[in-house]
Amino acid sequence: MDKERSKRNEYTGSGAIPLSDFEIEEGILKRYKGRAAHVVIPMGITAIDWGAFRDCRSLTGIEIPSSVTYIEQSAFASCVGLEHITIPDSVSDMGFYVFNNCSSLTSVVLPRNLTEIPAGTFSWCTALKSIKIPDGVTSIGQYAFSECSSLTDIELPGSVTDIESGAFDQCTGLTSVKLPDGVTCIENLAFRKCTGLEEIVIPNSVMDIEVFAFRDCSNLKRVTIPRRFEEDAEALFFETYDDIEFTYTD
């Protein structure tokens, strides 16, 4: 009994939520078992495990302590009531699909130490309107923002070099995108079916655009693109090529 009590004392809760609602093993939050709308994760937790809050439909807000350094795959997936979250700067790495299908999520603050947005992180977050990617992120992972249909604005830092396959697939609310100098590769389906997209500015740093990167962008009107892609432009934008005003840069 004393040993168990001592183990519990390693973690400091808010007092509003009993520690018994958290399944904790060696500093890792394995599972949240409660039904509170707002959850404060106890200080002392170092990682949030795979699916720890998955399908917690009553959850609207959560506070993550600065002791957490890693968030595992699908940790908050299908928390359909979750509206906002701030991830502390202590977190430097996350697994895939952490917030997949959090369909009420409107506000996210990402940690400054993040170096990538992993695959599927915000896929199907249909209420997410804007997000600031921190400096230091170098890649936007596969389908990271897929079907974020309310996303109207995305601010990418100059550290981003790679926009992976399907990164902004079916982000139908995007109207314009300006990619930062430093991006070198735009992969297949990166902006597929962004049907609201009217303008995109592609910097001279881009060396590779895969052939279906802008497939089914049916309202695209203006494209600024390096001159090295002039011969490939019709293939890259073949569905709307005749309707696009191209500006080629040297």
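**Exercise 1. Bridges between β17 and β19**

Find the bridge partner of E199 in β19. Then state how many bridges join β17 to β19.

Solution. Work in the predicted model.
- Step 1: Start at E199. Its bridge partner in β19 is R222.
- Step 2: Widen the view to both strands. β17 covers residues 199–201, and β19 covers residues 222–226.
- Step 3: Count the bridges. There are 3 between β17 and β19.
- Step 4: Read the direction. β17 and β19 run parallel.

**Exercise 2. The sheet around this pair**

Give the strand order of the open sheet, and name its edge strands.

Solution.
- Step 1: Recall the principle. Sheet strands pair through hydrogen bonds of the backbone, in parallel or antiparallel fashion.
- Step 2: Trace the order. The open sheet has 4 strands, arranged β15-β17-β19-β20. Their pairing is parallel.
- Step 3: Find the edges. β15 (176–178) and β20 (245–249) each pair on one side only. These two are the edge strands.
- Step 4: Add the angle. On average, neighbouring strands of this sheet are turned by 15° against each other, direction ignored.

**Exercise 3. The cavity**

How many cavities of 30 Å³ or more does the structure hold? Describe the lining of the largest cavity by class.

Solution.
- Step 1: Count. The structure holds 1 cavity of 30 Å³ or more.
- Step 2: Take the volume. The largest cavity encloses about 40 Å³ of space.
- Step 3: List the lining. F214, D216, C217 and S218 contribute, as do L236, F237, F238, E239 and T240.
- Step 4: Sort by class. The lining of the largest cavity comprises 5 nonpolar, 2 polar and 2 charged residues.

**Exercise 4. Two residues of one loop**

Is T121 buried or exposed? Is A119 buried or exposed? Give the contacts of each, leaving out residues up to four places away in sequence.

Solution.
- Step 1: Place T121. T121 sits in the loop between β10 (116–117) and β11 (130–132).
- Step 2: Apply the cut-off. Buried means under 20% relative accessible area. T121 has a relative accessible area of 0%, so T121 is buried.
- Step 3: List the contacts of T121. Beyond four places in sequence, T121 touches M94, Y97, V98, F99, N100 and A144.
- Step 4: Place A119. A119 also lies in the loop between β10 and β11.
- Step 5: Apply the cut-off again. A119 is buried because its relative accessibility is 14%.
- Step 6: List the contacts of A119. With the same sequence limit of four places, A119 touches F96, Y97, G141 and Q142.
- Step 7: Compare the lists. Y97 is touched by T121 and by A119.
- Step 8: Add a distance. A119 and D55 lie 64 residues apart in sequence. Their C-alpha atoms are 19 Å apart in space.

Technical notes. Residues numbered from 1 in each chain as written. Predicted model: local features only at pLDDT ≥ 70, side-chain atom pairs only at ≥ 80, totals over all residues. Heavy atoms only, no water. Pairing = 2+ DSSP bridges. Axes fitted to C-alpha atoms, helices over the stretch in contact; angles between N-to-C directions. 1 Å grid on protein atoms, 1.4 Å probe; cavity = no way out; pocket = protein on both sides within 12 Å on 5 of 7 lines; lining within 4 Å. Points joined across faces, edges and corners; volume = space filled by probe spheres on them. Nonpolar A, V, L, I, M, F, W, Y, C, P; charged D, E, K, R; others polar. Buried < 20%, exposed > 50% of the residue type's maximum accessible area, 1.4 Å probe, protein only. Contact = heavy atoms within 4.5 Å.
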